[in-house]
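Okay, thanks for squeezing me in, everyone. I'll put the structure up and then just talk through it piece by piece.

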Amino acid sequence: MLDIEALIEETKSFAPANKEELETFRVRFLGKKGVLTELFAKMKEVAPEERKSFGLQVNSLKVAAEDRLNQFKDAFEDADTGSNQNIDLSLPSDPNPLGSFHPLSLVRRKIISIFSRIGFNVSDGPEIEDDWHNFSALNFPPEHPARDMQDTFFIDVNPDQEKYKGSLALRTHTSSIQVRVMENQAPPIRTICPGRVYRNEAISARAHCFFHQVEGFYIDENVSFADLKQTLLYFSQEMFGADTKIRLRPSYFPFTEPSAEMDISCTICKGKGCNICKYTGWVEILGCGMIDPAVLENNKIDSKKYSGFAFGMGIERITMLKYSIKDLRIFSENDVRFLDQFKGVR
Ligand code: DAH
């Protein structure tokens with residue numbers, strides 16, 4: 001017969017050096033084939049008058065063994081995770097990693113800074129627009145084929161807003177902000193309007209269903225095409241370097257007359273010819289022109305007294321040229337390996 005008193009004593013003085021010794025102890029006392037199982041099995045062999053005191057003794061052993069186990073289990077677990085020990089309070093703390101500006105934010109901020117130096121302020125407008133601000137006021141008549149130049153996301157409106165039916169849409173360009181500003185301000189107006197725009201286009205390396213533009217325009221007495229050209233030359237050289245050349249090609253936009261598209265000398269090959277500029281030495285960066293007098297009149301600005309120029313560019317495009325980025329999908333993927341490369345850039 002096992003000496004229970006001795007076992008209790010042994011249990012109480014047990015002090016394992018490591019996890020393994022503790023586990024051996026657990027198996028020996030509390031395991032399926034351990035001492036306690038054996039003792040409980042013996043219970044029925046014990047004479048009835050001794051059974052009670054035997055039972056109490058076995059129970060004391062069980063409690064003692066469990067106590068011991070719990071006490072050391074915690075100690076070894078703490079050592080494993082180092083939660084209570086092994087903390088060196090004299091160590092310097094982990095450096096707090098700095099984030100970076102998104103490259104599109106960097107370029108937007110740079111565009112704002114360049115234009116603010118020649119007197120342009122910043123204006124804003126809603127991303128959900130009505131037909132008037134996105135199209136009609138800008139001289140896109142209903143059914144005009146020019147509306148097809150931009151694939152629009154129209155918005156279903158609830159029946160209480162019947163008056164907007166078929167008219168609310170995600171703005172397709174920041175030119176809509178021109179209209180918002182003209183409604184609220186009198187010339188002289190000199191402003192740029194950065195913002196996000198949406199078009200129902202298949203996503204590829206060169207196109208996305210949402211992207212960013214900056215619209216700019218200047219309305220005053222005697223604003224001329226020469227003013228437009230000089231402003232855009234100044235912008236291009238500030239953005240891409242003093243050796244940057246520009247060229248204007250005739251184009252068409254409903255809200256400008258005359259209209260042009262502007263190319264800059266290729267930032268990659270400096271005009272020698274490469275696959276970015278398709279070996280032409282030039283890359284297109286924006287559309288521009290003199291604001292059509294009809295647009296001024298739509299917004300109650302006297303077109304006999306005032307004239308203006310306007311331009312619009314894609315921020316993604318400028319950013320891709322500036323940082324040699326070949327696929328615009330990467331801008332919206334939030335891959336930190338890409339974003340980290342802009343750490344410290346201001
Ligand atoms: N809104 C045009 C577009 O999204 C860009 C543009 C062209 C804006 C000519 C202008 C402009 O202000 O004069 O394609």
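**Domains, strands, ligand, cysteines**

So, what you're looking at is a predicted model. The domain assignment splits the chain into domain 1, residues 4-82, and domain 2, residues 103-342. And how far apart are the C-alpha centres of the two domains? They lie 80 Å apart.

Let's zoom in on some strands, and I'd like to start with β7. That's residues 256-265. Is it mostly covered or mostly open? Mostly covered: 8 of the 10 residues in β7 are buried.

Now, who pairs with β7? Take β6, residues 246-253: it runs antiparallel to β7, with 7 bridges between them. Getting from β6 to β7 takes a hairpin of 2 residues. If you want a pair to click on, try arginine 249, which sits opposite glutamate 261 in β7.

Then there's β8, residues 282-291, which also pairs with β7 in the antiparallel sense, this time over 8 bridges. A pair to find there is alanine 260, whose bridge partner is cysteine 288 in β8.

Okay, on to the ligand. There are 16 residues around it, and the ones that come nearest are His173, Ser175, Arg199, Gln213 and Glu215. Let me give you some distances. The side chain of serine 175 has an N or O atom 2.9 Å from a nitrogen of the ligand. For glutamate 215, a side-chain N or O atom is 2.6 Å from a ligand oxygen. With phenylalanine 311 you need to look at the backbone: an N or O atom there lies 3.4 Å from an oxygen atom of the ligand. And how much of the ligand does the protein cover? On its own the ligand has 350 Å² of accessible area, and 91% of that is covered by the protein.

Last bit, cysteines, since somebody always asks. How many disulfides does a search of the whole structure find? The count is 0. Just as a reminder, a disulfide is a covalent bond between the sulfur atoms of two cysteines.

So why doesn't cysteine 274 have a bond to cysteine 266? Cysteine 266 holds the closest cysteine sulfur, but that is 3.7 Å from the sulfur of cysteine 274, so the two are too far apart for a bond. The cut-off here is 2.5 Å between the sulfurs. And is cysteine 274 buried or exposed? Cysteine 274 counts as buried, because its relative accessibility is 12%, and the buried class is anything under 20%.

That's my tour, thanks for listening.

Technical notes. Residues are numbered from 1 along each chain as its sequence is written. This is a predicted model: local features need pLDDT of at least 70, side-chain atom pairs count only at pLDDT 80 or more; totals for chains, interfaces and linings use all residues. Side-chain values use heavy atoms; hydrogens and water are left out. Domain bounds come from an automatic or database domain assignment. Buried means under 20% relative accessible area, exposed over 50%, partly exposed in between (1.4 Å probe, protein chains only). Helices (H or I, at least four residues) and strands (E, at least two) are DSSP runs, numbered from the N terminus. Two strands pair if DSSP finds at least two bridges between them. A residue is near a molecule or strand if one of its heavy atoms lies within 4 Å of it. A polar contact is a pair of N or O atoms within 3.5 Å; within protein, one must be able to donate a hydrogen and the other to accept it, and residues adjacent in sequence count only if both atoms are side-chain atoms. Accessible areas come from the Shrake-Rupley method with a 1.4 Å probe; for residues, only the protein chains shown count as cover.
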